[in-house]
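Q: I have a structure to go through and want to talk about its charged side chains. Can you take a look with me?

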Amino acid sequence: DYIAKPLLLNGFKFDMRLYVLVTSFEPLRAYLFEDGLARFATRQYSPPPPSAPSFNSSTTATTIPSEERTSKHEAKDAGLKEPKKKPAKFDAMAHITNVSICKHDAAYVPNASAEATGEGSKWTLGALWRKLRTQDIDPENVQKRIRDLVLKTLIAAQPQIASKYCGRFRRRGACFELFGFDVMLDETLSPWIIEVNVSPDLSAATPL
């Protein structure tokens, strides 16, 4: 489902890229890198309008208030045309946090320095945690929730991956894998997995 009520910073939606190194799936042994990236949309967030069905988390029909139904019937009985409602403007860039897309937007702010970790459209996780503290949010509590989410995701994939591993290797510890977890926080600080990337691209077009 689309997260219609994400946690916002300065009015902007963001997600986090976490790097997880797995050296064994049986037994499960994983390492979560202490830093990562916070990636921001380029436009201030506003909830998606009903005219954007692909963003709706529910297909439940909206009930028309009785007064509105009455006014429509009266207009029809009088032979008048019902006034057309102007569709709400939808700005996709207020919802997209993918850097490969956002960097082509005119409002994207690239990082000018590796030391400016809390500026522009891409921050370090360390800068994000510091910002959350200024808003009376406990980063340690959020990090614990994220670790639990990452662990449960790996456990869910463990049987299938372990089975394939045993079919290819005769000993443990013969290989490893780096995963890129994309996670988003909702307004209640609950983390959600957006996607998990295998062997994520580690190159960068900016100093950060």
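Q: Which aspartate does the side chain of arginine 43 meet in a salt bridge?
A: This is a predicted model. In it, arginine 43 pairs with aspartate 91, at 3.1 Å from N to O.

Q: Where in the chain are those two, arginine 43 and aspartate 91?
A: They link distant parts of the chain, 48 residues apart. Arginine 43 is in the loop between β4 and α1 (66-77), and aspartate 91 is in the loop between α1 and α2 (99-102).

Q: Why does arginine 43 count as partly exposed?
A: Its relative accessible area is 29%, and partly exposed covers the range between under 20% and over 50%. Aspartate 91 is also partly exposed, at 28%.

Q: How many salt bridges does the structure hold?
A: Seven. One of them joins the side chains of arginine 39 and aspartate 182, at 3.0 Å from N to O. That pair links distant parts of the chain, with arginine 39 in strand β4 (residues 37-40), aspartate 182 in strand β6, and the two positions 143 residues apart.

Q: Is arginine 39 buried or exposed?
A: Buried, with a relative accessible area of 10%. Aspartate 182 is buried as well, at 4%.

Q: Which residues are linked with Arg39 and Asp182 in a network of salt bridges?
A: Asp15 and Arg17.

Q: OK, aspartate 15 then. Which strand is it found in?
A: Strand β2, residues 12-25. Aspartate 15 counts as buried because its relative accessibility is 4%, and the cut-off for buried is under 20%.

Q: Which side chain does the side chain of aspartate 15 make a polar contact with?
A: That of threonine 97, at 3.1 Å. Leaving aside neighbours within four places in sequence, the residues in contact with aspartate 15 include Leu37, Arg39, Asp182 and Met184.

Q: Back to aspartate 182. What is it in contact with, leaving aside its neighbours within four places in sequence?
A: Among them are Asp15, Arg17, Arg39, Trp192 and Ile194. The C-alpha atoms of aspartate 182 and isoleucine 194 are separated by 5.3 Å, although the two are 12 residues apart along the chain.

Q: Which arginine does glutamate 140 form a salt bridge with?
A: Arginine 133, with the closest N and O atoms 3.2 Å apart. Glutamate 140 is partly exposed at 42% relative accessible area, and arginine 133 is partly exposed at 43%.

Q: Different topic: how many disulfides does a search of the whole structure find?
A: Zero. As for cysteines, cysteine 102 counts as buried at 1% relative accessibility, whereas cysteine 175 counts as partly exposed at 35%.

Conventions: Residues numbered from 1 in each chain as written. Predicted model: local features only at pLDDT ≥ 70, side-chain atom pairs only at ≥ 80, totals over all residues. Heavy atoms only, no water. Helix = DSSP H or I, 4+ residues; strand = E, 2+ residues; numbered from the N terminus. Buried < 20%, exposed > 50% of the residue type's maximum accessible area, 1.4 Å probe, protein only. Polar contact = N/O pair within 3.5 Å; in protein donor to acceptor, adjacent residues only side chain to side chain. Contact = heavy atoms within 4.5 Å. Disulfide = S-S within 2.5 Å. Salt bridge = Lys/Arg side-chain N within 4 Å of Asp/Glu carboxyl O.
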